[in-house]
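Welcome! Take a moment to look over the chain below, and then we will walk through it together, starting from a single residue and moving out to the whole fold.

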Amino acid sequence: MAGAVESLLSAWRDASAAWAIDIVQRASHGDLPRWLAALARLPDIRPDEISLGRAVGARATDPPRESSERLEAALKALIPWRKGPFHLFGIDIDSEWRSDLKWSRIAPHLDLGGCRVLDVGSGNGYYGWRMLEAGATSVVGIDPSLLFVLQHAAISYYVDRGQYRNIVLPVGLEAFPPAEPFDVVFSMGVLYHRRDPAAHIRALAGHARNDATLVVESLVVNDAPLRPRSRYARMRNVWLIPDLATLQAWLGDAGFAYSDVVCVSPTTIAEQRRTAWMPYESLAAALDPDDPNRTVEGYPAPKRAVIIARRK
């Protein structure tokens, strides 16, 4: 194996996470050989400019046309792209989520300068690059989806330049080995997928320093917590959506004496939508066509809050 695949394995070895290699080797996902083959086909284009801004990516003055075609074909073999946007050598990866909009609501409230960051449920690592842009010294992302991990490997092959400051490991929080506590811990878009969300917050706290900051972004409702009967906005694995008071109580129980709700905003079809890089159903299909303030199941339409909590 060479190129982006070897770069991925080197990143894990450098981070003392060689155990992640074993996870991939033992994985039985039917699409894994195709995804790894796509990584292996990535052309070796040397970037002249790296961007960690709104569209994370790399540019070159005049990449060969055949390299650009190979690159686009390889990246499209890793569809669907959920988080982004990314821009690689003239190719715009228009992801389902305009993740830059969420980050613009969070970043003004944080100082990541000099921080080691853990990003739980990182997806393809988009936010990790933005965290580095905001001053973090290193970011460890964890996500059990092999596709998202390999998408990150594709971006990292061009953006990282072998520095391995933003890595994504193929594991969930429950199986993440103990590590040196982090300065800042993020959990964005994860809480409502956990059967025991209070336990999830306690687990996050277990990876945080005594004076650490915890950033939780979650679906919320106005009144009492919502337990969907089966699906919520067409999603199967939504177990409980908290109200703000409940979420803050969980944070208090986990030892975070101070918590600040910095943003509450509805999710719009401008922020989450179907694109050529995520060609399946998205938010528009999950909303009642006669009343966009409700889901197709009759629940309140998605609304998300960001809470920043500290132990001080």
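Let us begin with His193, keeping in mind that this is a predicted model. Setting aside residues up to four places away in sequence, His193 touches Met235, Asn237, Val238 and Trp239. With one of these partners there is a polar link: the His193 side chain comes within 2.9 Å of the backbone oxygen of Asn237.

Where along the chain does His193 sit? You will find His193 in the loop that runs between strand β8 (182-188) and helix α8 (197-206). Is His193 buried or exposed? Its relative accessibility is 18%, and because buried means under 20%, His193 counts as buried.

Now step back to the chain as a whole. It is built with 10 helices and 13 strands. Among contacts with a separation of 6 or more, 71% join residues 24 or more positions apart. For 312 residues, a compact globule would have a radius of gyration near 20 Å, so the chain's 19 Å agrees with that picture.

Here are some overall values for the chain:

| Property of the chain | Value |
|---|---|
| Span of the C-alpha trace along its principal axes | about 55 × 50 × 40 Å |
| Residues that count as buried | 54% of 312 residues |
| Exposed area | about 13,800 Å² |
| Share of exposed area from carbon and sulfur atoms | 48% |

Finally, a word on charge. The chain carries 36 positive and 36 negative charges, and the mean positions of the two sets lie 3 Å apart.

Note on methods
Residues are numbered from 1 along each chain as its sequence is written. This is a predicted model: local features need pLDDT of at least 70, side-chain atom pairs count only at pLDDT 80 or more; totals for chains, interfaces and linings use all residues. Side-chain values use heavy atoms; hydrogens and water are left out. Helices (H or I, at least four residues) and strands (E, at least two) are DSSP runs, numbered from the N terminus. The radius of gyration is taken over C-alpha atoms; the globule rule is 2.2 Å times the number of residues to the power 0.38. Buried means under 20% relative accessible area, exposed over 50%, partly exposed in between (1.4 Å probe, protein chains only). Contact means heavy atoms within 4.5 Å. Accessible areas come from the Shrake-Rupley method with a 1.4 Å probe; for residues, only the protein chains shown count as cover. Lys and Arg count as positive and Asp and Glu as negative; His and the chain ends are not counted. The place of a charge is taken as NZ of Lys, CZ of Arg, CG of Asp or CD of Glu. A polar contact is a pair of N or O atoms within 3.5 Å; within protein, one must be able to donate a hydrogen and the other to accept it, and residues adjacent in sequence count only if both atoms are side-chain atoms.
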